[in-house]
Amino acid sequence: MAGDRAATNLVGRVLAIVAVEIWLMSRSAAATSYVVGGSSGWNTPANGASFYTSWESTYTFYIGDVLVFNFINGQHSVAVVSQSDYNNCNTASPIQIFNNSPEDYTLNTTGPIYFICTHDSHCSQGQKLSVTVSGTNAPPGTYAPPPPPPPYGYSGTGYLYTSGAVVFASMAMYFLVM
Ligand SMILES: [Cu+2]
(Lines give C-alpha, C1' and ligand atoms only; values in the text may rest on other atoms or scores of the structure.)
Protein backbone atom coordinates (compact mmCIF):
# COMPACT_ATOMS: atom_id res chain seq x y z
CA MET A 1 0.00 0.00 0.00
CA ALA A 2 2.71 2.45 0.98
CA GLY A 3 4.58 1.48 -2.14
CA ASP A 4 1.53 2.18 -4.30
CA ARG A 5 1.09 5.55 -2.74
CA ALA A 6 4.77 6.43 -3.35
CA ALA A 7 4.44 5.39 -6.98
CA THR A 8 1.31 7.51 -7.36
CA ASN A 9 3.07 10.51 -5.89
CA LEU A 10 6.03 10.02 -8.20
CA VAL A 11 3.88 9.70 -11.31
CA GLY A 12 1.84 12.70 -10.26
CA ARG A 13 5.00 14.72 -9.84
CA VAL A 14 6.33 13.65 -13.25
CA LEU A 15 2.99 14.51 -14.78
CA ALA A 16 3.06 17.97 -13.24
CA ILE A 17 6.60 18.57 -14.51
CA VAL A 18 5.70 17.50 -18.05
CA ALA A 19 2.62 19.72 -18.00
CA VAL A 20 4.73 22.70 -16.94
CA GLU A 21 7.23 21.95 -19.70
CA ILE A 22 4.48 21.94 -22.30
CA TRP A 23 3.10 25.16 -20.94
CA LEU A 24 6.55 26.79 -21.20
CA MET A 25 7.04 25.46 -24.74
CA SER A 26 3.64 26.74 -25.83
CA ARG A 27 4.50 30.16 -24.46
CA SER A 28 7.78 30.35 -26.36
CA ALA A 29 6.13 28.99 -29.49
CA ALA A 30 3.38 31.58 -29.28
CA ALA A 31 5.55 34.52 -30.41
CA THR A 32 6.38 34.40 -34.09
CA SER A 33 8.71 36.58 -36.14
CA TYR A 34 7.52 37.63 -39.58
CA VAL A 35 9.89 39.06 -42.18
CA VAL A 36 7.79 41.81 -43.75
CA GLY A 37 7.52 41.27 -47.49
CA GLY A 38 9.46 38.01 -47.32
CA SER A 39 12.58 38.08 -49.47
CA SER A 40 11.50 41.43 -50.96
CA GLY A 41 11.82 43.03 -47.55
CA TRP A 42 10.62 46.53 -46.80
CA ASN A 43 10.81 48.25 -50.18
CA THR A 44 8.87 50.03 -52.87
CA PRO A 45 6.95 47.09 -54.32
CA ALA A 46 6.86 46.64 -58.09
CA ASN A 47 3.10 46.08 -58.10
CA GLY A 48 2.06 48.80 -55.68
CA ALA A 49 0.36 48.62 -52.31
CA SER A 50 -1.37 45.31 -53.05
CA PHE A 51 1.97 43.59 -52.44
CA TYR A 52 1.97 44.26 -48.69
CA THR A 53 -1.79 43.88 -48.45
CA SER A 54 -1.61 40.38 -49.84
CA TRP A 55 1.50 39.60 -47.77
CA GLU A 56 -0.22 40.41 -44.49
CA SER A 57 -3.45 38.67 -45.49
CA THR A 58 -1.70 35.30 -45.41
CA TYR A 59 -0.99 35.54 -41.66
CA THR A 60 -2.78 36.01 -38.38
CA PHE A 61 -0.84 38.27 -36.04
CA TYR A 62 -0.95 38.01 -32.28
CA ILE A 63 0.27 40.11 -29.39
CA GLY A 64 3.97 39.40 -28.90
CA ASP A 65 4.65 38.58 -32.54
CA VAL A 66 7.51 40.46 -34.18
CA LEU A 67 7.53 42.18 -37.56
CA VAL A 68 11.04 42.24 -39.01
CA PHE A 69 11.54 45.10 -41.45
CA ASN A 70 14.61 44.59 -43.65
CA PHE A 71 15.67 47.60 -45.69
CA ILE A 72 18.66 49.65 -46.79
CA ASN A 73 19.54 52.28 -44.20
CA GLY A 74 19.08 55.80 -45.51
CA GLN A 75 16.78 54.71 -48.31
CA HIS A 76 13.75 53.72 -46.26
CA SER A 77 12.22 54.10 -42.84
CA VAL A 78 9.58 52.36 -40.77
CA ALA A 79 7.06 54.83 -39.41
CA VAL A 80 4.07 53.95 -37.25
CA VAL A 81 1.30 56.33 -38.24
CA SER A 82 -2.40 56.97 -37.71
CA GLN A 83 -4.97 55.41 -39.98
CA SER A 84 -5.60 58.70 -41.82
CA ASP A 85 -1.86 59.31 -42.28
CA TYR A 86 -1.62 55.77 -43.63
CA ASN A 87 -4.49 56.36 -46.04
CA ASN A 88 -3.15 59.73 -47.19
CA CYS A 89 0.56 58.85 -47.04
CA ASN A 90 1.15 61.79 -44.74
CA THR A 91 4.76 61.45 -43.57
CA ALA A 92 4.79 64.62 -41.46
CA SER A 93 3.62 63.27 -38.10
CA PRO A 94 4.68 59.71 -37.39
CA ILE A 95 3.84 58.26 -33.98
CA GLN A 96 7.14 56.34 -34.01
CA ILE A 97 9.90 56.19 -36.60
CA PHE A 98 12.75 53.71 -37.04
CA ASN A 99 15.66 54.27 -39.42
CA ASN A 100 17.95 51.34 -38.72
CA SER A 101 17.54 47.99 -40.44
CA PRO A 102 16.56 45.47 -39.38
CA GLU A 103 13.77 46.93 -37.30
CA ASP A 104 12.24 44.24 -35.10
CA TYR A 105 8.87 45.65 -34.18
CA THR A 106 7.00 43.79 -31.44
CA LEU A 107 3.23 43.94 -31.77
CA ASN A 108 2.05 44.94 -28.31
CA THR A 109 -1.45 46.31 -28.81
CA THR A 110 -4.51 44.67 -30.28
CA GLY A 111 -6.33 46.11 -33.25
CA PRO A 112 -5.00 47.69 -36.43
CA ILE A 113 -1.54 49.22 -36.69
CA TYR A 114 -0.24 51.19 -39.65
CA PHE A 115 3.28 51.44 -41.06
CA ILE A 116 4.58 53.57 -43.91
CA CYS A 117 7.95 54.56 -45.33
CA THR A 118 8.58 58.30 -44.99
CA HIS A 119 11.16 58.57 -47.78
CA ASP A 120 10.24 60.39 -51.01
CA SER A 121 6.95 59.10 -52.43
CA HIS A 122 7.57 55.50 -51.37
CA CYS A 123 4.29 55.29 -49.46
CA SER A 124 2.32 56.42 -52.50
CA GLN A 125 4.19 53.81 -54.50
CA GLY A 126 2.89 51.18 -52.14
CA GLN A 127 5.44 50.96 -49.31
CA LYS A 128 2.77 50.82 -46.64
CA LEU A 129 1.55 48.06 -44.40
CA SER A 130 -1.38 47.66 -42.07
CA VAL A 131 -1.89 44.63 -39.88
CA THR A 132 -4.57 43.76 -37.37
CA VAL A 133 -3.30 42.29 -34.12
CA SER A 134 -5.34 39.69 -32.27
CA GLY A 135 -5.12 38.82 -28.59
CA THR A 136 -2.69 36.29 -27.23
CA ASN A 137 -2.31 33.04 -29.13
CA ALA A 138 -2.22 30.80 -26.07
CA PRO A 139 -4.31 31.92 -23.11
CA PRO A 140 -2.27 31.07 -19.98
CA GLY A 141 -5.17 29.13 -18.45
CA THR A 142 -5.15 26.66 -21.33
CA TYR A 143 -2.02 24.94 -20.09
CA ALA A 144 -2.42 25.27 -16.35
CA PRO A 145 -1.33 22.00 -14.72
CA PRO A 146 -2.60 19.48 -13.59
CA PRO A 147 -4.70 17.70 -16.29
CA PRO A 148 -6.86 17.87 -18.46
CA PRO A 149 -4.29 17.52 -21.23
CA PRO A 150 -3.73 20.43 -23.63
CA PRO A 151 -5.69 20.60 -26.89
CA TYR A 152 -3.82 18.62 -29.50
CA GLY A 153 -3.28 20.01 -32.94
CA TYR A 154 -2.81 23.44 -31.42
CA SER A 155 0.83 23.58 -32.45
CA GLY A 156 2.42 22.02 -35.48
CA THR A 157 5.69 21.13 -33.78
CA GLY A 158 6.52 17.47 -33.50
CA TYR A 159 8.14 18.14 -30.15
CA LEU A 160 4.83 19.24 -28.69
CA TYR A 161 3.05 16.20 -30.08
CA THR A 162 5.70 13.95 -28.58
CA SER A 163 5.31 15.58 -25.20
CA GLY A 164 1.56 15.26 -25.52
CA ALA A 165 2.01 11.52 -25.95
CA VAL A 166 4.17 11.51 -22.83
CA VAL A 167 1.40 13.23 -20.91
CA PHE A 168 -1.10 10.68 -22.13
CA ALA A 169 1.16 7.82 -21.09
CA SER A 170 1.76 9.46 -17.72
CA MET A 171 -1.96 9.91 -17.17
CA ALA A 172 -2.66 6.31 -18.10
CA MET A 173 -0.05 5.17 -15.58
CA TYR A 174 -1.46 7.57 -12.99
CA PHE A 175 -4.95 6.11 -13.23
CA LEU A 176 -3.61 2.57 -13.33
CA VAL A 177 -1.73 2.94 -10.05
CA MET A 178 -4.73 4.66 -8.47
CU1 LIG B 1 11.04 53.67 -48.65
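Select F69 first and show its surroundings: leaving aside neighbours within four places in sequence, F69 is in contact with V36, W42, V78, S101, P102, E103 and Y105, where contact means that the C-beta atoms of two residues, placed from the backbone, lie within 7 Å. Before going further, note that this is a predicted model, in which local features need pLDDT of at least 70 and side-chain atom pairs count only at pLDDT 80 or more, while totals for chains, interfaces and linings use all residues. Residues are numbered from 1 along each chain as its sequence is written.

Next, select β3, residues 66-69, a strand in the sense of a DSSP run of E with at least two residues, numbered from the N terminus; helices are runs of H or I with at least four. In β3, L67 and F69 point to one face and are buried, while V66 and V68 point to the other and are not; a residue counts as buried if 20 or more other C-beta atoms lie within 10 Å of its own, again with C-beta atoms placed from the backbone. In a regular strand the side chains alternate between the two faces of the sheet.

Now add the partners of β3. Three strands form an open sheet of mixed pairing in the order β1-β3-β6, two strands being paired if DSSP finds at least two bridges between them. The edge strands are β1 (33-35) and β6 (103-106), each of which pairs on one side only. β1 and β3 run parallel and are joined by three bridges, with S33 having V66 as its bridge partner. On the other pairing, β3 and β6 are antiparallel over four bridges, and here V66 stands opposite T106.

Move then to the other sheet, an open one of five strands with mixed pairing, in the order β2-β8-β7-β4-β5. Its edge strands, β2 (61-62) and β5 (96-98), each pair on one side only. Within this sheet, select β7 (residues 111-116) and β8 (residues 128-134), which run antiparallel and are joined by six bridges; Y114 stands opposite S130 in β8.

Finally, return to F69 and select I116 with it: of the 19 residues in the largest nonpolar core, these two touch the most other members. Such a core is a set of buried Ala, Val, Leu, Ile, Met, Phe, Trp, Tyr and Cys residues joined through C-beta atoms within 7 Å. At least two residues of this core come from each of α2 (50-57), β3, β4 (78-81), β7 and β8.

Technical notes. Buried ≥ 20, exposed ≤ 12 C-beta atoms within 10 Å, placed from the backbone.
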